[in-house]
Every structure is written in structure tokens, then in C-alpha cells.
Amino acid sequence: VRLLCVGRAVDKKGLDDLLHALAALPRDLHWRLVHIGGGPLLPALADLAQRLGLAERVQWQGAQAHAAVLDAYRTADIFVLASRVSPDGDRDGLPNVLLEAQSQRLACVATMVSGIPELIEEGVTGLLVEPRAQQALTRALAHLIGDPALRRALGDAGFVRTTTDFSLQAGADRLAKRFAATLAAR
């Protein structure tokens, strides 16, 4: 099963939490993780993967052109993003990578940080866990790795949600309604 994570290697992305969660997966599960993105923590994360015995299962691709990222979405089975709030308060809002992954019918596992729960509805359009909850992340990943039908169902539901509720047209329609309501109230 091909896991994909796209994002800069910075604290708020929780990549160390992801590696610890992967290290706790049952040994009989067959998976590989591809990470796409640059960032200052890449050397430390590669070292952590080595120490956790994951080096053979994790591929660090660095920054890639958008076409290569789209290809990676299309060949992955699960997208995972372990976002969290950094000690300095830095956090994701609603990461574009989740919208991109769902637009490619990719099942997503993510954390309940900032706007992520506005996009991913637990058990319907993806799986959500608390930030920094490595055991919960392990359970969610193991569940999806072992259930291809659920991966397809979540990917399809995420695609529908992304291409309807989060489309450019849907956003423009919501703004037009608000403007009309504001003008009517004057």
C-alpha cells in the first residue's frame, strides 16, 4: 500500500509523529511511504526513520514540480497529514494538499487541526485523529491499509465533497448570497 505525504518538513506538519505511528504498525502490513517536500527538518527526519527501522520503507523525494506531485497523488493509495500546532503557534489552516489529494480520489488520514475538520468528515470523507496522537494515527493507518474497499469509499466521498462544496463555483455562490443578503438588509 502506497502512502503519500506532501508538505514541507517543518514542525507543524508532524512528520516525526507520522514516523512513530508507522513504526508501530503491525509488521505483517505491507506499506511504503513517499514524502514530497523540502524543508529544514529533512535530515533529522531521515535519521529518525533510520533509527526506527523504517529507512527501507520511506522515500524522501524532496521538492517536486506540481506535475510530479499530481502523479504521486494518482499512484498513491492513502494520503496522510499529521498536522499539529507548533510550540510557537504555527499551524496549518486548510492545507491545499488535502484538497488536491481528495480531488484525485485519494483516501485521507489527517489530524483535527484548524480547518481540516471542515473538509474531512470523520468516517465519511476521510479519517481524523487528534494531533500528536501517534497510537490513534497508527490505528487509522492500519485500518485503511487493510481495507481497500474503505479506501475507495472515502476517496470517492472526498472527491465529491471537494469538487462540490469546495469548488471555486461553490465559493463564489456562497459569497454572492452573502453580498445579496447584506445589500437587502440595507
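The following exchange goes through helix contacts, buried residues and backbone features of a predicted model.

Biologist: At roughly what angle do the axes of H1 and H2 cross, and how are the two helices oriented to each other?
Modeller: Helix H1 covers residues 15–23 and helix H2 covers residues 42–51, and their axes come within 10 Å of each other. The crossing angle is roughly 15 degrees, and since angles under 35 degrees count as roughly parallel, H1 and H2 are therefore roughly parallel.

Biologist: Which residues make the contact between H1 and H2, and what is the handedness of the crossing?
Modeller: H1 contributes Leu-15, Asp-16, Leu-19 and His-20, while H2 contributes Leu-45, Leu-48 and Ala-49. By class, the contact of H1 with H2 has five nonpolar residues, one polar and one charged. As for the handedness, the crossing in which H1 passes H2 is right-handed.

Biologist: How are H6 and H7 oriented to each other?
Modeller: The axes of helix H6, residues 134–145, and helix H7, residues 148–164, come within 6 Å and cross at roughly 100 degrees. Angles of 65 to 115 degrees count as roughly perpendicular, and H6 and H7 are therefore roughly perpendicular.

Biologist: Which residues of H6 and H7 make their contact, and how do they divide by class?
Modeller: On the H6 side the contact is made by His-143, Leu-144 and Ile-145, and on the H7 side by Pro-148, Leu-150, Arg-151 and Leu-154. Sorted by class, the residues of the contact of H6 with H7 are five nonpolar, one polar and one charged.

Biologist: How many aromatic pairs does a search of the whole structure find, and what is the geometry of the rings of Tyr-73 and Phe-79?
Modeller: The search of the whole structure finds one aromatic pair. The ring centres of Tyr-73 and Phe-79 are 5.8 Å apart and their planes stand at 50 degrees, so the geometry of the pair is tilted.

Biologist: Are Tyr-73 and Phe-79 buried or exposed, and which residues does Ala-107 touch beyond four places away in sequence?
Modeller: Tyr-73 and Phe-79 are both buried. Ala-107 is placed in strand S5, residues 107–111, and at 0% relative accessibility Ala-107 counts as buried as well. Beyond four places away in sequence, Ala-107 touches Asp-77, Ile-78, Phe-79, Leu-144, Arg-151, Leu-154 and Gly-155.

Biologist: Which residues of H4 are buried, and which elements do they pack against?
Modeller: Helix H4 spans residues 96–103, and its buried residues are Val-97, Leu-98, Leu-99, Ala-101 and Gln-102. The buried residues of H4 pack against S1, helix H3 (66–75), strand S4 (78–81), S5, helix H5 (116–119) and H7.

Biologist: What is the relative accessibility of Gln-102, and which residues is Gln-102 in contact with beyond its neighbours within four places in sequence?
Modeller: Gln-102 lies in H4 and, at 0% relative accessibility, counts as buried. Leaving aside neighbours within four places in sequence, Gln-102 is in contact with Cys-108, Leu-119, Ile-120, Thr-125, Gly-155, Gly-158, Phe-159 and Thr-162.

Biologist: Where is Gly-14 placed, is it buried or exposed, and how far apart in space are the C-alpha atoms of Gly-14 and Gln-102?
Modeller: Gly-14 is placed in the loop between strand S1 (2–6) and H1, and at 0% relative accessibility Gly-14 counts as buried. Leaving aside its neighbours within four places in sequence, Gly-14 is in contact with Ala-82 and Arg-84. Gly-14 and Gln-102 are 88 residues apart in sequence, and in space, C-alpha to C-alpha, they are apart by 20 Å.

Biologist: What phi does Arg-105 take just after H4, and is Arg-105 buried, partly exposed or exposed?
Modeller: Arg-105 is placed in the loop between H4 and S5, and just after H4 this residue takes a positive phi of about 60 degrees, although Arg-105 is not a glycine. At 43% relative accessibility, Arg-105 counts as partly exposed.

Biologist: Where does Arg-132 lie, and what is its phi?
Modeller: Arg-132 lies in the loop between strand S6 (127–129) and H6, and at 45% relative accessibility Arg-132 counts as partly exposed. Although Arg-132 is not a glycine, it has a positive phi of about 65 degrees.

Terms used: Residues are numbered from 1 along each chain as its sequence is written. This is a predicted model: local features need pLDDT of at least 70, side-chain atom pairs count only at pLDDT 80 or more; totals for chains, interfaces and linings use all residues. Side-chain values use heavy atoms; hydrogens and water are left out. Axes are lines fitted to C-alpha atoms, for helices over the stretch in contact, and angles run from 0 to 180 degrees between N-to-C directions. Helices (H or I, at least four residues) and strands (E, at least two) are DSSP runs, numbered from the N terminus. Angles under 35 degrees count as roughly parallel, over 145 as roughly antiparallel, 65 to 115 as roughly perpendicular and the rest as oblique. A crossing is left-handed if the near helix is turned anticlockwise from the far one by less than a right angle, and right-handed if clockwise. Contact means heavy atoms within 4.5 Å. Ala, Val, Leu, Ile, Met, Phe, Trp, Tyr, Cys and Pro count as nonpolar, Asp, Glu, Lys and Arg as charged, and the others, Gly among them, as polar. Rings of Phe, Tyr and Trp (its six-membered ring) pair if their centres lie within 6.5 Å; planes under 30 degrees apart count as stacked, over 60 as edge-to-face and the rest as tilted. Buried means under 20% relative accessible area, exposed over 50%, partly exposed in between (1.4 Å probe, protein chains only).
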